[in-house]
Amino acid sequence: MRIEVYLDDAVAPFQTITPPETFHLDTNALSDGHHELRLVAVDSDGVTSERRMPFTVQNGPSIAVHGLVDNDTVAGEVAVLANAYGSKIGDAFEPRRIETPAPIPTWAWVLFLGIFAWGAGYVALELEQRDALPLVAEDASTDAVAASDTATADWAELGAQVYGNTCSSCHQPSGAGLAGVFPPLTGNAAVLDADPTDHINAIVHGLSGKLIDGVAYPGPMPPFGALLSDEEIAAVVNHERTQWGNDAPLVTAADVVGLRN
Ligand code: HEC
């Protein structure tokens, strides 16, 4: 048994070995590029078999190109970055990756998107759970208030909320209003009046043309009777009656009902 080793299209083997045997292929003698090793095994009866092994020789510097890939379809002007490296066998570093400014590889994007999607899903789940919680807490607190029959805590939070959402844009969070445009609610006569009729009426039915503390306001105060419930109006009235140094008797939702008509 013997193996004849041919290189490329050579007619004569460049080596004949008795298997198993190591032989040396000196690529320095070959040009850079594609080559083929052809191994022909001849057994004692003269029967042969053949194996072809294509390989690529690259003894020169390696070339990296960005901006164009093999078999690309291009149009117009294309910017192509070319780079070459003279690394030798046995070099411990990898100059190709170190020196070539390469775009972020696809797998990194996929990994990033995966982690991002997971994070977004996690946040969505977490928010959903948080939304579900206050419902339970609210029920519990309403029950507790109804049970202990103390209405105080009930309107304080609601009042601040209604004021912040509906009134503070004009009357300002400080209750100081805007000079000549929106009246201050601090020290306002209707707000401090023990009889809450004017206070509630202004909110339920709106107000225009009233001289407040000697000042005429050009714009009207819009009516909120249709937008706010009796509880919300009572709450915001109480909020205004207890904020910013104001100290006036509190009202209930029943007081508002009486003034709606
Ligand atoms: C679009 C601006 C605006 C918003 C919003 C607004 N107000 Fe007024 N408010 C006014 C103006 C203007 C006046 C004065 C009207 C006048 O005298 O003609 C006024 C007057 C008042 C007065 C004084 C009534 C009086 O007789 O002196 C009270 C109390 C009051 N607003 C409460 C509220 C409350 C409570 C809210 C929220 C539910 C609210 N306002 C929302 C503009 C606004």
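In this predicted model, His171 counts as buried because its relative accessibility is 10%, and the cut-off for burial is under 20%. His171 also serves the iron atom of the ligand. The protein donors of that iron are His171, through NE2, and Met221, through SD. They lie 2.0 Å from the metal. The two residues come from distant parts of the chain, 50 residues apart. His171 belongs to helix H3, whereas Met221 sits in the loop between strand S8 (215-216) and helix H6 (230-242). Met221 has a relative accessibility of 23% and therefore counts as partly exposed.

Six donor atoms surround the iron atom of the ligand. The angles they subtend run from 86 to 178°, so the arrangement is octahedral.

The shell around the ligand holds 25 residues. Cys167, Cys170, His171, Lys210 and Met221 come nearest. By class, 16 residues of the shell are nonpolar, seven are polar and two are charged. Polar side-chain atoms also approach the ligand. For Lys210, such an atom lies 2.5 Å from a ligand oxygen. For His171, a polar side-chain atom is 2.8 Å from a ligand nitrogen. In the side chain of Asn188, an N or O atom is 3.2 Å from an oxygen atom of the ligand. Three elements each give two or more residues to the shell: helix H3 (152-171), helix H4 (189-192) and helix H5 (197-205). H3 provides the largest share, with four residues.

Helix H5 also has a set of buried residues. These are His199, Ile200, Ala202, Ile203 and Val204. Their cover includes H4, H6 and helix H7 (253-260). H4 thus appears in two settings, since it gives residues to the ligand shell and helps to cover the buried residues of H5.

Beyond H5 the chain continues with Gly206, which has a positive phi, near 80°. Ser208 follows in the loop between H5 and strand S7 (211-212). Which class does Ser208 fall into, buried or exposed? Its relative accessibility is 56%, so Ser208 counts as exposed. The C-alpha atom of Ser208 is separated by 7.1 Å from that of Gly219, a residue 11 positions away along the chain.

Definitions and conventions. Residues numbered from 1 in each chain as written. Predicted model: local features only at pLDDT ≥ 70, side-chain atom pairs only at ≥ 80, totals over all residues. Heavy atoms only, no water. Near = heavy atom within 4 Å. Polar contact = N/O pair within 3.5 Å; in protein donor to acceptor, adjacent residues only side chain to side chain. Nonpolar A, V, L, I, M, F, W, Y, C, P; charged D, E, K, R; others polar. Donors = N, O, S within 2.8 Å, 3.2 Å for Na, K, Ca; no water. Tetrahedral: all angles 85-135°; square planar, octahedral: opposite > 155°, others 65-115°. Buried < 20%, exposed > 50% of the residue type's maximum accessible area, 1.4 Å probe, protein only. Contact = heavy atoms within 4.5 Å.
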